[in-house]
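These are my notebook entries on one protein chain. I record below what I looked up, topic by topic.

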Amino acid sequence: MKQICFDLETTGLDVHTCRILGIALCIEPYKAFYVSLPEDKKRSNEILKRLQPIFEDQTITKIGHNLKFDINVLRSRGIEVNGPIIDTMVMDYVCRPDDKKHGLKHLSLLHLNYQQLTFKDIANEK
């Protein structure tokens, strides 16, 4: 089975107005990369168009955390995410419904004993 894990980095939480800063992609364990999107809307859309077939392929399982947001951001850019979806936030909520914390940073520490980098650690925002 083919699968891809992805996460969008955006400038905000409004799916219609936020700018996509980049997309983190992982296609197999320990093989991940980050596609930084330029501020220029035309160039950014060209890059998204190249990734569109991956997101729209129904044979590729999409994995991520809080995918509802990322899927809606991509939809607002004309990209429909198709195929099976595995959302780690939803899975954690189902497994631990009494816990109030289901954020990725918390789950990384809890399950993997891994301290995630913060957005400030990797971004060079003005």
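Which residues form a nonpolar patch on the surface? I note before answering that the model is predicted. I found that the patch consists of Leu112, Tyr114, Leu117, Phe119 and Ile122. Together these residues have about 540 Å² of accessible area. I then looked up Ile122 separately and located it in helix α5, residues 119–122. Ile122 is exposed, with a relative accessible area of 52%.

**Entry on the hairpin**

I turned next to strands β2 and β3. Strand β2 covers residues 20–28 and pairs with β3 in the antiparallel sense, over 6 bridges. As one example of a partner, I noted that Cys26 is bridged to Ala32 in β3. The two strands form a hairpin with 2 residues between them. In the turn, I recorded a positive phi of about 65° for Tyr30.

**Entry on Leu37**

I followed the chain out of β3 (31–36) and reached Leu37, which lies in the loop leading to α1 (41–56). Is Leu37 buried or exposed? Its relative accessible area is 5%, so I entered Leu37 as buried. I then listed its contacts, leaving aside neighbours within four places in sequence. Leu37 is in contact with Arg19, Ile20, Leu21 and Gly22, and also with Ser44, Ile47 and Leu48. I also looked up its separation from Glu80, which is 43 residues away along the chain. The C-alpha atoms of Leu37 and Glu80 are separated by 19 Å.

**Entry on helix α2**

I looked up which residues of helix α2 (residues 67–76) are buried. They are Leu67, Phe69, Asp70, Ile71, Val73 and Leu74. I noted a general point beside this list: an α-helix has 3.6 residues a turn, so residues three or four places apart point the same way. The buried residues of α2 pack against strands β1 (2–10), β2, β4 (60–64) and β5 (85–87), and against helix α1. After α2 comes Gly78, for which I recorded a positive phi, near 90°.

**Entry on the cysteines**

How many disulfides does the structure hold? I found 0. Cys5 is in no disulfide, and the nearest cysteine sulfur to its own is that of Cys26, 6.0 Å away. Why is there no bond between Cys26 and Cys5? A disulfide requires the sulfur atoms to be within 2.5 Å, and the 6.0 Å between these two sulfurs is therefore too far for a bond. I noted the accessibility of each residue as well. Cys5 is partly exposed at 32% relative accessible area, and Cys26 is partly exposed at 23%.

**Entry on the salt bridges**

I searched the whole structure for salt bridges and obtained 2. Side chains of opposite charge can pair when their charged atoms come close.

Lys2 forms a salt bridge with Asp57, with the closest N and O atoms 3.9 Å apart. Lys2 lies in strand β1 and Asp57 in the loop between α1 and β4, so this pair ties together parts that are 55 residues apart in sequence. Lys2 is partly exposed, with a relative accessible area of 48%, and Asp57 is also partly exposed, at 24%.

Arg75 forms a salt bridge with Glu80, and here the closest N and O atoms are 3.2 Å apart. I entered Arg75 as partly exposed, with a relative accessible area of 39%. Glu80 likewise counts as partly exposed, at 34% relative accessibility.

Definitions and conventions:
Residues numbered from 1 in each chain as written. Predicted model: local features only at pLDDT ≥ 70, side-chain atom pairs only at ≥ 80, totals over all residues. Heavy atoms only, no water. Helix = DSSP H or I, 4+ residues; strand = E, 2+ residues; numbered from the N terminus. Buried < 20%, exposed > 50% of the residue type's maximum accessible area, 1.4 Å probe, protein only. Contact = heavy atoms within 4.5 Å. Pairing = 2+ DSSP bridges. Patch = residues over 30% accessible without salt bridge, like charges linked within 9 Å, V, L, I, M, F, W, Y side chains within 5 Å. Areas by Shrake-Rupley, 256 points an atom, 1.4 Å probe, with all protein chains shown as cover. Salt bridge = Lys/Arg side-chain N within 4 Å of Asp/Glu carboxyl O.
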